Amino acid sequence: AGETRLAGARRAALRPGETSFAIPLSLRVEATANVREGPGTSFRVLFTLDRGSPVVGHSYMNEWVRISDPQGRTGWVFYTLVGPGEQSGSN
């Protein structure tokens with residue numbers, strides 16, 4: 001499953017200055033987060049995620065992280081709004 005997510009993340013075109021993570025990162029939302037169309041507050045809000053929501057981090061640009069949620073929605077959140085998620089295989 002991880003290889004499939006990684007392949008999907010690499011298919012997305014990167015913005016100039018955007019850096020992909022070596023592997024997708026399991027993250028969770030630390031506080032209510034606006035998910036934006038691009039890496040900055042000048043981009044429109046696409047949707048909002050509640051604290052505790054699981055997301056996957058695919059890349060970063062400056063202080064913004066490109067994420068996807070379990071529904072397949074994607075966008076950008078400020079780095080302080082996400083933290084480590086559950087490790088796969090842990091009980």
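In this predicted model, the charged end of Arg 73 is placed over the ring of Phe 47, at 3.9 Å from the ring centre.

Aromatic rings also lie beside one another. Three aromatic pairs are counted. In one of them, Trp 64 and Phe 78, the ring centres are 5.3 Å apart and the planes meet at 75 degrees; the pair is therefore edge-to-face, since an angle over 60 degrees is assigned to that class. Distant parts of the chain are linked by this pair, as Trp 64 belongs to strand β5 (residues 64–68) and Phe 78 to strand β6 (residues 74–78), with the two positions 14 residues apart in sequence numbering. The two partners fall into separate accessibility classes: Trp 64 has a relative accessibility of 12% and counts as buried, whereas Phe 78, at 26%, counts as partly exposed. The limit for a buried residue is under 20%. Together with Tyr 79, Trp 64 and Phe 78 make up one aromatic cluster.

A further site is centred on Glu 18. This residue is located in the loop between α1 (2–11) and β1 (19–29). Its relative accessibility is 7%, so Glu 18 counts as buried. The side chain of Glu 18 is joined to that of Ser 59 by a polar contact of 2.4 Å. When residues up to four places away in sequence are left out, Glu 18 touches Ala 13, Ser 59, Tyr 60, Met 61, Arg 66 and Trp 76. Ser 59 thus appears both among the residues touched by Glu 18 and as its partner in the polar contact.

Key. Residues numbered from 1 in each chain as written. Predicted model: local features only at pLDDT ≥ 70, side-chain atom pairs only at ≥ 80, totals over all residues. Heavy atoms only, no water. Phe/Tyr/Trp six-rings, centres within 6.5 Å; stacked < 30°, edge-to-face > 60°. Helix = DSSP H or I, 4+ residues; strand = E, 2+ residues; numbered from the N terminus. Buried < 20%, exposed > 50% of the residue type's maximum accessible area, 1.4 Å probe, protein only. Lys NZ or Arg CZ within 6 Å of the ring centre and 35° of its normal. Polar contact = N/O pair within 3.5 Å; in protein donor to acceptor, adjacent residues only side chain to side chain. Contact = heavy atoms within 4.5 Å.
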